[in-house]
Amino acid sequence: MIDYQQKMNPKVTAIPPSGIRKFFDIANEMDNVISLSIGEPDFVTPWHVRQEGIRSLEDGKTWYSPNRGFAALREEIARWFRRKYRVEYDPKTQVLVTVGGSEAIDLCFRTLLSPGDEVLVPQPSFVCYVPLASMAGGVPVVIETKAENKFRLTPQEIEEKITPRTKLLVLPYPNNPTGAVMRRADLNAVAEIVKKYDLMVLSDEIYSELTYGETSHVSFAEIEGMQERTVVVNGFSKAFAMTGWRLGYAMGPKEIVGQMTKLHQYGIMSAPTTAQYAAIEAMKNGDGDIENMREQYDMRRRLIVDGFNRMGLPCFEPEGAFYVFPCVKSTGLSSEEFCERLIYAERVAVVPGNAFGDCGEGFVRVSYSYSIKHITEALSRIEHFLQELRP
């Protein structure tokens, strides 16, 4: 018998499966389940965007695109970023179109990290950073953010973790799973640490268009002196409800993006052609769609935050993305126990907070990228679960 364990890369076998998918998979095998577990917009990709994808197929545009992506799309991305954040990128050399934002993150790690280089990863955060950094030969160093700071990253927390091997800081804001946002003053303070220790930054801004309140998102590349130190990752999945189109992009110094492009050439070749034509239309004429979806998310956000606080699960008000991160410590259950008992007792699927790092223990992630009706029914079931749980 072949010992397959011996044949495989131990770095791969050591990586645990995503904690996000576990309860999604359980939910798919049960009837009458309300899932608040997956971070996917419940909106359909806007019709005018779909129409451009359809038209490209009808016109027979089914060939490879250039490795970096179609020039027209890269120009629109650069134009959009300049309009939104007043930062200039050369679409010929500083923009790379990727298969989702996740590919851009992977390429950035593999381009910047040498074996033993340390990567600072704030947690709770999206599940991909630690395993992808490890696979690139890096050493992930976790920074635990705190609920009392609204899960924002502080300069002190960064500085405490820096060693002579530290090369890269991940900035995952607006944050999945907490909804935390770093405002301009926060980013200015982080920038001082970045300059002091000569760090590079991967700024994952996939939720940039989903911020709430009077102050909009600030890109880390906007901060003085940071554009030359930063690879910005973004995409079309969240803002334009284009999850299944699998399209993202990276922007950064031409020297770094050029090397990322080489890896992209060999591993992927090019991003999907049909998705790129649709994305051009989204960039040109999608502002209204974004605003409409953001208004809907904002209503849902306030509903779900009020609901959890009312039923005694403390929940700070997130300022970005479409997640809340209520604390379930008062139930006496671990995050995993809470989620497992909830799904079997009330048919509601949420994600344990420790799926996003050990410091997420005692919390659960709940997505509000679902309809008001869906959320209202889920809250009712969760409240009933708590009533049955508490004496």
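Colleague: What is the strand order in the open sheet of seven strands, and what kind of pairing does it have?

Modeller: The order is β2-β8-β7-β6-β5-β3-β4, and the pairing is mixed. This is a predicted model. The twist averages 20° from one strand to the next.

Colleague: What makes β2 and β4 edge strands?

Modeller: Each pairs on one side only. Pairing needs at least two bridges between strands. β3 and β4 have six bridges and run parallel, so they meet that cut-off. In this pair, Gln-123 stands opposite Glu-144 in β4.

Colleague: How do you know that β11 pairs with β12?

Modeller: Two bridges join β11 to β12. The cut-off is at least two, so the strands count as paired. They run antiparallel. Val-351 stands opposite Arg-365 in β12.

Colleague: Why do β9 and β11 count as edges?

Modeller: They belong to an open sheet of three strands, ordered β9-β12-β11. Each has a single partner strand, so one side of each lacks a neighbour in the sheet.

Colleague: Why are helices α12 and α14 called roughly parallel?

Modeller: Their axes cross at roughly 5°. Angles under 35 degrees count as roughly parallel, so the label fits. The axes come within 11 Å.

Colleague: Which residues make the contact of these helices?

Modeller: Among them are Leu-303, Ile-304 and Phe-308 of α12, and Ile-375, Leu-379 and Ile-382 of α14.

Colleague: How many residues of each class are in the contact of α12 with α14?

Modeller: Seven are nonpolar, two polar and three charged. Gly counts as polar, so Gly-307 of α12 falls in that class.

Conventions
Residues numbered from 1 in each chain as written. Predicted model: local features only at pLDDT ≥ 70, side-chain atom pairs only at ≥ 80, totals over all residues. Heavy atoms only, no water. Axes fitted to C-alpha atoms, helices over the stretch in contact; angles between N-to-C directions. Helix = DSSP H or I, 4+ residues; strand = E, 2+ residues; numbered from the N terminus. Parallel < 35°, antiparallel > 145°, perpendicular 65-115°, else oblique. Contact = heavy atoms within 4.5 Å.
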